[in-house]
Amino acid sequence: EVQLVESGGGLVQVGGSLRLSCAASGFIFDDYAIGWFRQAPGKEREGVACINNSDGTVYYFDSAKGRFTISSNNGKNTMDLQMNSLEPEDTAVYYCARDSHCSGDGWDYWGQGTQVTVSS
């Protein structure tokens, strides 16, 4: 059974940091891309960052560039998102999902999400 489980969310003050983790199981981790997405109340879901585990290529969406770092631990089938310099606009539920490639449009499995709240 394919599973993606996020952890690490919480409440943090403006300028603070959080490290989210996505634990994957039930599939060959190295064969897939794992992406982070987020959805704020009343807004559409948006991409944050992604790694192609097959070749290590990393992609960042504009909201994450310069502040967030995505990393993959293939031996443990986990992927982390280090978030620094957090802003109130980063408040959202963060999800990880898998696809064959970061540029694909077939995100077929999603985690349950973890809440990140940035207080001003």
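1. Two strands count as paired once DSSP finds at least two bridges between them. With that in hand, here is a hairpin to look at in this predicted model: strand 5 and strand 6, with four residues between the strands. Gly56 in this hairpin takes a positive phi near 80 degrees. The two strands, residues 46-52 and residues 57-60, run antiparallel and are joined by four bridges. If you want a spot to check by eye, Ala49 stands opposite Tyr60 of strand 6.

2. Now step back to the whole chain. There are eleven strands and zero helices in it, so going from the N terminus the elements read β-β-β-β-β-β-β-β-β-β-β. The radius of gyration is 13 Å, close to the 14 Å that the globule rule gives for 120 residues, so the chain is as compact as a globular protein of that length. Along the principal axes, the C-alpha atoms fill a box of roughly 40 × 25 × 25 Å.

3. A few overall numbers are handy to keep around. Of the 120 residues, 44% count as buried. The accessible surface comes to about 6100 Å², and 46% of that belongs to carbon and sulfur atoms. Take the contacts between residues at least 6 apart in sequence: 55% of them join residues at least 24 apart.

4. In what order do the strands of the open four-stranded sheet sit? The order is 1-3-8-7, with antiparallel pairing. Strand 1 (3-7) and strand 7 (68-73) are the edges, each pairing on one side only. From one strand to the next the twist averages 15 degrees.

5. The pairings in that sheet can be traced residue by residue. Strand 1 pairs with strand 3 in the antiparallel sense over five bridges, and Ser7 has Ser21 of strand 3 as its bridge partner. At the other edge, strand 7 and strand 8 (residues 78-83) run antiparallel and are joined by six bridges. There, Thr69 has Gln82 of strand 8 as its bridge partner.

6. Strand 1 is a nice one for seeing two faces. In a regular strand the side chains alternate between the two faces of the sheet. Here Leu4 and Glu6 make up the covered face, while Gln3, Val5 and Ser7 make up the uncovered one. Leu4 counts as buried because its relative accessibility is 5%, and the cut-off is under 20%. Beyond its sequence neighbours within four places, Leu4 is in contact with a list of residues including Cys22, Phe27, Ile34, Cys96, Tyr109 and Trp110. Leu4 and Asn77 are 73 residues apart in sequence, yet 9.9 Å apart in space, C-alpha to C-alpha.

7. What does the largest nonpolar core look like, and which residues have the most contacts inside it? It has 27 residues, and the best-connected are Ile34, Trp36, Val48, Phe68, Leu81, Met83 and Tyr94. Strand 3 (18-25), strand 4 (33-39), strand 5, strand 7, strand 8, strand 9 (92-99) and strand 11 (114-119) each put in at least two residues. The largest share, four residues, is from strand 3. As a general point, nonpolar side chains tend to be buried together in soluble globular proteins.

8. Val48 is a good place to click if you want to see that core. Not counting residues up to four places away in sequence, Val48 touches Trp36, Phe37, Arg38, Tyr59, Tyr60, Phe61, Ala64, Phe68, Leu81 and Tyr94. There is also a second, separate core of six residues, among them Ala33, Cys50, Cys102 and Trp107.

9. Is Asp99, in strand 9, buried or exposed? Asp99 counts as buried, because its relative accessibility is 5% and the limit is under 20%. Apart from neighbours within four places in sequence, Asp99 is in contact with Tyr32, Ala33, Gly104, Asp105, Gly106 and Trp107. For scale, the C-alpha atoms of Asp99 and Lys65 are separated by 21 Å, with their positions 34 residues apart along the chain.

10. Last, two backbone oddities to look at. Asn77 is not a glycine but has a positive phi of about 55 degrees. Asn77 lies in the loop between strand 7 and strand 8 and, at 23% relative accessibility, counts as partly exposed. Ser85, also not a glycine, has a positive phi of about 50 degrees. The loop between strand 8 and strand 9 holds Ser85, which is partly exposed with a relative accessible area of 40%.

Key
Residues are numbered from 1 along each chain as its sequence is written. This is a predicted model: local features need pLDDT of at least 70, side-chain atom pairs count only at pLDDT 80 or more; totals for chains, interfaces and linings use all residues. Side-chain values use heavy atoms; hydrogens and water are left out. Axes are lines fitted to C-alpha atoms, for helices over the stretch in contact, and angles run from 0 to 180 degrees between N-to-C directions. The radius of gyration is taken over C-alpha atoms; the globule rule is 2.2 Å times the number of residues to the power 0.38. Buried means under 20% relative accessible area, exposed over 50%, partly exposed in between (1.4 Å probe, protein chains only). Contact means heavy atoms within 4.5 Å. Accessible areas come from the Shrake-Rupley method with a 1.4 Å probe; for residues, only the protein chains shown count as cover. A nonpolar core is a set of buried Ala, Val, Leu, Ile, Met, Phe, Trp, Tyr and Cys residues joined through side-chain atoms within 4.5 Å.
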